[in-house]
Amino acid sequence: MTWSIWPYQWEGWERDPSTRINTMLWTDWAPVDVTLTTPGTAQSLYTIAPKIPAVNLITNPSMETGTPPTGFTLSGSTLAQSATVARSGTNSLRITPDNAAAGEGAYWTTQSLAGAGPDREVFLVASGYFNDNAGSGNGVRVIIANTSGVALATGNTVTLAANWTGRSTAAFRLTGVTAAQYRIYFVTATQFATVFYVDDVQVELLEQNTATDYCDGAQGIDYEWEGTAHASRSRRHRGIVAVRGYNLYTTRNVYISYDQTASTTTGRRVLAGTDFWNDHPMNIKNRISIINELSGEQPRVFGEVLGVHFGRM
């Protein structure tokens, strides 16, 4: 399959066997395993929370492949893969600046990219998380540049801390349809010698100038690699927007409700030790809720929900 790098074309990522959305098969799945936290208090068994579709063009975004991480080029620094700190996975990019000037670090070179024509505004958006495991207070940032290293867009400066709270984002509008490569720099904002770490980096083509949540194929349900893990582009699918069915089991008597808070008057009663499901498509738009029937019990309900990723009211 040939994947699109444009997240606004996410509908084409799905394999729908029907040409009519309202007869589309149940295309999405999610696991469910919830134990009621507080007897007598209703709790969501499953809440519908569609994701923003995304494509991360960086093929080694959490630095799991290579020493130093594959695809990253030094720029006034020494690079290494490090397991000292990591925002996701087990590794990050360790950068030791030369301490000769500002702008020392590493860069990633993109594939050839172009705009989408005069009728669509497209931004190249680059982002990354920074940490120095020490709290030095030095500044670092993301820069988008051409292949000569000339800056085209400079991201916000992140103050280094001993955690991953700092994310720098830079955006550059692609105005032409002629393809070009770009360098994405992860560098010092001022001159300093402190070692720092970069992880969960992302490059996207968006119709907005702000980054989406971090994406790679190891992030769980609705995420995937296009090819080899940690060596290919990755994407985030939209996920379930409406639950059409489920297959569940409960360990204790419960009441289960759809799109409202479960209670003895709003819920369907299900007895302990029961597998339960529905035989016809439903249209649950917000959540499935449960509550115990017998005082003091904390039922465990587990199984799966099935739904669709797209639909119009």
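**A tour from Arg167 to the edge strands**

Begin by selecting Arg167 and Thr212: a polar atom of the Arg167 side chain lies 3.0 Å from the backbone oxygen of Thr212. The model is a predicted one, in which local features need pLDDT of at least 70 and side-chain atom pairs count only at pLDDT 80 or more, while totals for chains, interfaces and linings use all residues. Residues are numbered from 1 along each chain as its sequence is written, and side-chain values use heavy atoms, with hydrogens and water left out.

Stay with Arg167, which sits in strand β12, residues 166–174; strands here are DSSP runs of E with at least two residues, numbered from the N terminus. Which side chain of opposite charge is nearest to Arg167? It is Glu204, 5.1 Å away, and Arg167 is buried yet has no salt bridge. Buried means under 20% relative accessible area, exposed over 50%, and partly exposed in between, with a 1.4 Å probe and protein chains only; a salt bridge requires a side-chain nitrogen of Lys or Arg within 4 Å of a carboxyl oxygen of Asp or Glu. Leaving aside neighbours within four places in sequence, the residues in contact with Arg167 include Tyr129, Asn156, Gln202, Asp213 and Tyr214, where contact means heavy atoms within 4.5 Å.

Select next Arg244 in strand β17, residues 242–250, which is buried with a relative accessible area of 18%. Add Asp28 to the selection: Arg244 and Asp28 are 216 residues apart in sequence and 9.6 Å apart in space, C-alpha to C-alpha.

Now move to strand β18, residues 254–258, where 4 of the 5 residues are buried, so the strand is largely enclosed by the rest of the structure. β18 pairs in the antiparallel sense with strand β19 (residues 268–270) over 3 bridges, and with strand β21 (residues 287–292) over 5 bridges; two strands pair if DSSP finds at least two bridges between them. To see the register, display Tyr255 opposite Arg269 in β19, and Ser257 opposite Ser289 in β21.

For an exposed position, select Ser148 in the loop between β9 (139–145) and β10 (151–154), with its relative accessible area of 62%.

Finish at the open sheet of 3 strands, whose order is β3-β16-β15 with antiparallel pairing. Both β3 (54–56) and β15 (223–225) stand at the edges with a single partner strand each, so one side of each is left without a neighbour in the sheet. Within this sheet, β15 and strand β16 (residues 234–236) pair over 3 bridges, and Trp225 stands opposite Ser234 in β16.

Key. Lys and Arg count as positive and Asp and Glu as negative; His and the chain ends are not counted. A polar contact is a pair of N or O atoms within 3.5 Å; within protein, one must be able to donate a hydrogen and the other to accept it, and residues adjacent in sequence count only if both atoms are side-chain atoms.
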